[in-house]
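Me: Please take one part of this model and examine it closely. I would like a connected account of how its residues are placed.

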Amino acid sequence: MEMQPNPVAPPPADAITREVVDLMASLVALFHREYEEAAAARSLTGAQAKVLALLRRGPMPMRHIAQTLSCEPSNITGIVDRLENRGFVTREADPQDRRVKLVAATGTGKDASEELRESLNFAREPLAALAEDERAQLRDLLRRMLEGAGPDSATGPASAVEHAPS
């Protein structure tokens, strides 16, 4: 009979950890709300805005967009169709594999994404209460937390869409 390895139990949450988790959840909810409102003000859905934000990194296969945003490829097809109809993105064959379609933001799409990003005041006001060294320390701590969460966390949905909620 083969022995099954015992899974390692997560450490118990202390009061500070629970409070930090609750505070982070509140910040995420606030950010989601403002992000959706900023997208709607530009006649974009939140999902469309997330795709445009993701494409700031450069053209990418639709499959990769779906994986990064944790949604079905068929959903991405509809989102990209609507963005393409508005002139925000184009589809092009991947030079490495012509069977793969890359989605790329047009100049109009890049401008819309940057305008949306610049309109987000959510983080500016709370972060303005912190000194520059405190903001840098917070950034470094958040990076460490993401790195500790696994290899895809630092490049997962949150950072991949340049701080758009997933």
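**A close look**

Reply: Thr68 has a relative accessibility of 9% and therefore counts as buried (under 20% relative accessible area, 1.4 Å probe, protein chains only). The model is predicted: local features need pLDDT of at least 70 and side-chain atom pairs pLDDT 80 or more, while totals for chains, interfaces and linings use all residues. Residues are numbered from 1 along each chain as its sequence is written, and side-chain values use heavy atoms, without hydrogens or water.

Thr68 belongs to helix α3, residues 62–68 (a DSSP run of H or I, at least four residues, numbered from the N terminus). A polar atom of the Thr68 side chain lies 2.8 Å from the backbone oxygen of His64.

Helix α1 covers residues 15–41. Its 27 residues, at 1.5 Å a residue, should span 39 Å, and the end C-alpha atoms are indeed 39 Å apart, so the two values agree; the expected span is 1.5 Å times one less than the number of residues. At the N-terminal end of α1, Asp14 acts as a cap, with a side-chain oxygen 2.9 Å from the backbone nitrogen of Ile16. Just after α1, Ser43 adopts a positive phi of about 60°.

Which residues of α1 are buried? They are Phe31, Glu34, Tyr35, Ala38 and Ala39. An α-helix has 3.6 residues a turn, so residues three or four places apart point the same way. The cover over the buried residues of α1 includes α2 (46–54) and α5 (107–119), where contact means heavy atoms within 4.5 Å.

Glu115 is located in α5. The C-alpha atoms of Glu115 and Ala39 are 9.9 Å apart, although 76 residues separate the two in sequence. Glu115 counts as partly exposed because its relative accessibility is 47%, partly exposed being the range between buried and exposed (over 50%).

Helix α1 also contributes to the surface. Ile16, Val20, Val21, Met24, Leu127, Leu138, Leu142 and Met145 form a nonpolar patch there, with about 640 Å² of accessible area together (residues over 30% relative accessible area without a salt bridge, nonpolar side chains joined within 5 Å). At least two residues of this patch come from each of α1 and α7 (132–148), and α1 gives the most, with four. Val21, which is found in α1, has a relative accessible area of 47% and is therefore partly exposed.

How values were computed
A polar contact is a pair of N or O atoms within 3.5 Å; within protein, one must be able to donate a hydrogen and the other to accept it, and residues adjacent in sequence count only if both atoms are side-chain atoms. Patches are made of residues with over 30% relative accessible area and no salt bridge: like charges are joined within 9 Å, nonpolar side chains (Val, Leu, Ile, Met, Phe, Trp, Tyr) within 5 Å. Accessible areas come from the Shrake-Rupley method with a 1.4 Å probe; for residues, only the protein chains shown count as cover. A salt bridge is a side-chain nitrogen of Lys or Arg within 4 Å of a carboxyl oxygen of Asp or Glu.
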